[in-house]
Amino acid sequence: MKNILYKSLEESGKILKEYMDKDFAVESKGIISNLVTEVDKRSEAKIIEIIKSEFPSHNILSEEIGAINEDSDVKWIIDPIDGTINYAHGIPICCVSIGIEKAGEIVMGGIYNPFSEELFFAEKGKGSYLNDKKIKVSNESVLEKSLLVTGFPYNTGNNPNKPVEVFSAFVNKDIPIRRLGSAALDICWTACGRFDGFWEYNLNAWDVAAGYVILTEAGGKVTDFEGKKYSVYNKEILASNGVIHDSMLEVIQNAKK
Ligand code: IPD
Ligand code: CA
Ligand code: CA
């Protein structure tokens with residue numbers, strides 16, 4: 001499956017590069033700021049074509065077309081462009097993300113930013129890699145010395161999960177925070193130690209499936225906002241180097257009270 005995963009990432013990555021400087025159609029999905037472009041659809045079609053030509057019986061869950069359910073215990077979980085708003089504005093902070101779930105467990109994942117030519121890959125039990133070089137999370141243990149990253153749901157205003165209050169709680173501790181606009185890259189950049197922790201509310205399985213295995217194989221920790229066991233179908237994600245995890249949890253929980 002690894003070779004098909006790489007082929008899917010490389011071929012869809014070429015599409016992202018090819019269309020970046022062209023005119024392409026952009027539409028909103030429900031909420032006005034939630035975009036889908038013609039390039040998301042082209043990227044998705046290419047990935048599914050490659051997977052289906054080799055594994056016609058595998059299940060697919062992909063952001064724009066939804067689920068294709070066959071009778072298989074393997075599911076490819078696809079985000080054809082993560083960071084679509086960046087892409088639509090010509091900002092090269094975006095990627096293709098593909099995770100593979102087998103019997104309910106994420107066993108492999110790859111995330112590729114064709115503009116920086118960075119390909120993150122992990123297979124369960126075999127470590128995490130950036131362009132074939134082994135990566136690991138940072139060892140920062142002091143929250144106030146950490147560099148964090150987050151994102152906001154499309155419906156941030158009036159959200160009962162208080163994303164703004166949680167963000168303020170970290171900012172008020174004078175902790176530097178970035179907002180890249182691609183959850184998949186946020187997680188990869190935590191996996192390779194550029195960031196020490198990431199949190200976000202309201203992500204979908206395609207945003208996080210590949211990142212989950214990449215981060216955990218790099219030695220990181222992932223839970224929900226209560227510190228409980230995480231599943232990629234959870235709405236809450238707290239992903240960190242493991243060492244600052246409890247300190248981040250405390251800030252999030254206090255802010256939500
Ligand atoms: C989005 C990005 C963004 C996150 C949003 C996601 P998309 O994915 O990952 O960083 O804040 O919640 O929906 O729409 O660009 O695939
Ligand atoms: Ca996404
Ligand atoms: Ca997407």
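In the predicted model, Glu63 is partly exposed, with a relative accessible area of 21%. This residue contributes an OE atom to the coordination of the calcium ion (ligand 3). The remaining protein donors of the calcium ion (ligand 3) are Asp79, through OD, and Ile81, through O. These donors lie 2.2 to 2.3 Å from the ion, and their arrangement along the chain follows the spacing E-x15-D-x1-I. Glu63 is located in the loop between strand 3 (59-62) and strand 4 (66-68), whereas Asp79 belongs to strand 5 (residues 74-82), so the pair ties together parts that are 16 residues apart in sequence.

In contrast to the partly exposed Glu63, Asp79 is buried, because its relative accessible area of 1% falls under the 20% cut-off. Asp79 also takes part in a second site, as it bridges the calcium ion (ligand 3) and the calcium ion (ligand 2). The two ions lie 3.7 Å apart.

At the calcium ion (ligand 2), the protein donors are Asp79, Asp82 and Asp207, each through OD. The distances from these donors to the ion are 2.1 to 2.2 Å. In sequence, the donor residues of the calcium ion (ligand 2) are spaced D-x2-D-x124-D. Asp82 likewise counts as buried, at 6% relative accessibility.

Taken together, Asp79 serves as a donor to the calcium ion (ligand 3) and to the calcium ion (ligand 2), and thereby forms the bridge between them.

Note on methods: Residues are numbered from 1 along each chain as its sequence is written. Chains are lettered from A and ligands numbered from 1 in the order in which they are written. This is a predicted model: local features need pLDDT of at least 70, side-chain atom pairs count only at pLDDT 80 or more; totals for chains, interfaces and linings use all residues. Side-chain values use heavy atoms; hydrogens and water are left out. Donors are N, O and S atoms within 2.8 Å of the metal (3.2 Å for Na, K and Ca); water is not among the atoms, so sites may look incomplete. Helices (H or I, at least four residues) and strands (E, at least two) are DSSP runs, numbered from the N terminus. Buried means under 20% relative accessible area, exposed over 50%, partly exposed in between (1.4 Å probe, protein chains only).
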